[in-house]
Each structure stands twice: as C-alpha cells, then as structure tokens.
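The following note sets out points for a colleague who is reading this entry. It takes up the nucleic acid first and the protein pairing afterwards.

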2 protein chains.
Amino acid sequence: MRADAKRNRDRIVEVARDVFREQGYDASLDLVAKRAGVGAGTLYRHFPTRDDLIDALMQSWVDRVTESTDKVLAFEGSDRDLLLRWFETYVELISLHKGGPAKITTAMGNPESPIRSKCQVLSGAADRVMDQLAARGALRPGVDSVQVCRLVGGVAAVADQSELDADAVRPLLEVVADGMLARA
Amino acid sequence: MRADAKRNRDRIVEVARDVFREQGYDASLDLVAKRAGVGAGTLYRHFPTRDDLIDALMQSWVDRVTESTDKVLAFEGSDRDLLLRWFETYVELISLHKGGPAKITTAMGNPESPIRSKCQVLSGAADRVMDQLAARGALRPGVDSVQVCRLVGGVAAVADQSELDADAVRPLLEVVADGMLARA
DNA sequence: TTGCTAAACGGAGAGTGTCTCCGTATCGTG
DNA sequence: CACGATACGGAGACACTCTCCGTTTAGCAA
C-alpha cells in the first residue's frame, strides 16, 4: 500500500471512531470523509461498506475483550457472581458505542457480516467463561455460550435503546444468570 | 374531519399496513403515499412522523393483544408453562412486522413516543399475567412486568434481527422463565 | 534528477428518502 | 349557488449513500 493511501486510511479510521462515538453507528459517512479531509470516493474505496469501516476500528476493541475476559476468569468468588461479572463485562464491551449492542448481536448470527471475525473473538471469550463454569458443574444442561450471547446481547440492546443505567440492567442480568445456573 | 380527508387517511393506513408488512417499519413513506394515490404532503399532514402512522395502524393490534392475553390467563397448567406461553405470545405479538420488537421495546421505555399508548396496552397485559402468577406465589421477589417486557423484548429483538426460528427462541425464553420463577 | 506509470485521490452527480411550502381544488354550509 | 374553511398534491430543498472518471501523486528505474 502506498504511503499516502495508508495515511488516509488511518486518518479515516481515527476520525470514524470519534464520529461514531458521538453520533452512533449510523452517522453520515460523508461527514467522516469531510472531517478526515478526504473525498467520499477515497473513503468508499478503502471501506466499501459501513461495516468494513466499523470492522477496522474494532481492532483495539479485540484486545480489550481478551483482557477483560482474563480478568473475569481470574475472579475468585461464587459461580453466580462470576457469571454476573461476565454478563456485565459483556454488556460493557458491546455497549461502547450507541447502537453497538444491536449491531454486534446481529452480526454474531450472520456468517456474511464483515465484522464477523471480531464477533468471533467475543463468542470465543464467552466460550472460555462458559467452559470454566460448565467444568465446575455450575450450569444447567443445555445452556451454551450462544444462548448467553443472545440473551445478554438482547438485554444490552434494550438497555442501549432505552438508555437504562447499570442499576436497571443488573436485575435483568440476575434473572438470566439464575435461569442458567444449576439449581442449588 | 371532512369526508375526503377521512377517505384519504383511511386509505393511507390501509396501504401502510401492507407496505410495512412487506418491507418493515423503515419502508419509504413516499412509496406509501404513492401507492395510496395521495401526495406526500397529504401523508405528512395526517401523520407528521412515521410513528404517528404506525400508531394508527396498530389499532387492530390492540384488540389482538387483549384477546391473546385472555387466552393465556385461562390456561390450565403449571406456572412455568403459563409463563412460557405468555412469553411466546408476547414475542409473537411484537414480532408481527420486521423491526417490530426493537421498535416496540424502545417505545415502552420512552414516555415521548407516539405509540406509547399502544405499548401501555401491552404492558398492562404483562401486568395481568404477572399479577396472576404473583398471587400464586410463583415468582421470585423483585420480579416485575417491566423486567419481563425488557427481557422478552430483548430476546424478540435478537430473534427478529437474526431471523431465529421458534425452536431457537424457546430455550432462551426458558432461561428467562426459570430465572423468574420461585425456586422449587 | 527526471520521466513514467500504476496507484490513489476527490468531488460532482445520480439515486433515494424525508419533509415542507404554497398555489390549487374541493367540501359543505348558509 | 357562492364562498370561506379545509384539504390536496407535487415540486423542490435538504440529507445521505455510493459511483464514476478526470486529475494528481508516489515511488521506481534509468
């Protein structure tokens, strides 16, 4: 890639991160191009679709997912608290931008999505947590990480849309957790 | 209201119902106007926002909500099955159109929404079901119908976006139900 | 350094959707 | 039947997406 191309590409990603944080994932791409000081054509050549752009700016997010998951897995406490901690981490990770929960949760179910590779990192993280809990016999049979992603993703989507705060979200996550844990 | 105005208004609602069913709630309103044989101005005079239009075509939906709820409440069976039946009914009711779950669940949390009055019918229905279960001592303390709407609305939104079928949705609803029911 | 070519740029503009404005047409009452 | 209130409709302003293609530039080879 030519030096000027790389410069422009990087600048677009950087600007897009700010714009999406401000306005959500449906912000105008022409605005991104304008703020980045490039033409619309340049933006669309680098990133044919909106999702391609989102995919690019998620690189740093991937690192964050792994790091947060490690922290959760290292947690010493009851199974229920660990699961809840994971749920809260999950919600946080997908709620960094307005519209993120819906975007990511949808993408996880769609093999065609350009941001699928990033979603797989997240579902992999969910697998790690659920495997650990399953190994301890903490989960009901039939419960799997796909369900976790759907249920917690659904809660996060509602919370995002309705702008619920953490205090309103917690009881919802508790219900989901209690529905998944083996009966005492 | 003048006779011609009423004629046009009714026709717009009728056409909008078809168009939204075909294309989802974000279909072009100009298309609705065109198919209804009226100008865009006429449509926007009757329905200043998209939500106002959606609100109008939900009238018949309201009847359906009440009817379905009655059927659930009359159900003879275990508390768990009744709750699950209600969840499935709820999902069905808000999933009649593509994008419905997200639309309705968001509106339920927003006092400003033009379709709020219709959503209140739904939350009222949820209250009836939850009250009946609570009276039997079937629910954990702290569980309320707002949580039900959020949780089940979240599941429905994910199912809608990812086009999950009923078989994939059921286990999710079971988790939620088990998380809400009093421990055996 | 210079010349050349592939690579990249950028912005005008086509296509689509939202929503408004206002000249025109129609209703329905006195 | 006449006339004001009411409603109509579609042109057009504005916003966004995405493409096309003439112009510019990076970077290499001589």
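**Note on the DNA surface and the chain A–chain B interface**

1. In this predicted model, DNA strand C is surrounded by 23 residues, the closest being Arg2(A), Asn8(A), Arg45(A), Asp30(B) and Arg50(B). By class, the surface near DNA strand C comprises 8 nonpolar, 8 polar and 7 charged residues.

2. Several helices supply at least two residues each to the surface near DNA strand C. From chain A these are helix H1 (3–23) and helix H3 (40–46); from chain B they are helix H1 (3–23), helix H2 (29–36) and helix H3 (40–46). H3(A) gives the largest share, 5 residues.

3. Which part of DNA strand C lies within 4 Å of the protein, sugar or phosphate, or bases? Of the atoms of the strand within that distance, 61% belong to sugar or phosphate, and the rest belong to bases.

4. Individual polar approaches involve both phosphate and base atoms. A polar side-chain atom of Thr42(A) is 3.2 Å from a phosphate oxygen of DNA strand C. For His46(A), an N or O atom of the side chain lies 3.3 Å from a phosphate oxygen of the strand. Arg2(B), by contrast, places a polar side-chain atom 3.1 Å from a base oxygen of DNA strand C.

5. Turning to the protein pair, chain A is superposed on chain B by a rotation of 180 degrees with 0.1 Å of shift along its axis, at an RMSD of 0.1 Å. This is the relation of a two-fold axis. Both copies use the same surface, as 100% of the contact residues of chain A recur in chain B.

6. The contact draws 23 residues from chain A and 23 residues from chain B. About 2,000 Å² is buried between the two chains, 68% of it on carbon and sulfur atoms. Arg150(A), Leu151(A) and Val175(A) account for 28% of the area that chain A buries against chain B, more than any other three residues.

7. Between chain A and chain B there are 2 salt bridges. In a salt bridge, the side chain of Arg140(B) meets that of Asp178(A) at 2.9 Å, N to O. Helix H7 (100–108), helix H9 (145–162) and helix H10 (166–180) of chain A each provide at least two residues of the side that touches chain B. H9(A) contributes the largest share of that side, 9 residues. Its class composition is 10 nonpolar, 9 polar and 4 charged residues for the side of chain A that touches chain B.

How values were computed:
Residues numbered from 1 in each chain as written. Chains lettered and ligands numbered in written order. Predicted model: local features only at pLDDT ≥ 70, side-chain atom pairs only at ≥ 80, totals over all residues. Heavy atoms only, no water. Least-squares fit on C-alpha atoms with pLDDT ≥ 70 in both. Contact = heavy atoms within 4.5 Å. Buried area = accessible area lost by both parts, 1.4 Å probe. Salt bridge = Lys/Arg side-chain N within 4 Å of Asp/Glu carboxyl O. Helix = DSSP H or I, 4+ residues; strand = E, 2+ residues; numbered from the N terminus. Nonpolar A, V, L, I, M, F, W, Y, C, P; charged D, E, K, R; others polar. Near = heavy atom within 4 Å. Polar contact = N/O pair within 3.5 Å; in protein donor to acceptor, adjacent residues only side chain to side chain.
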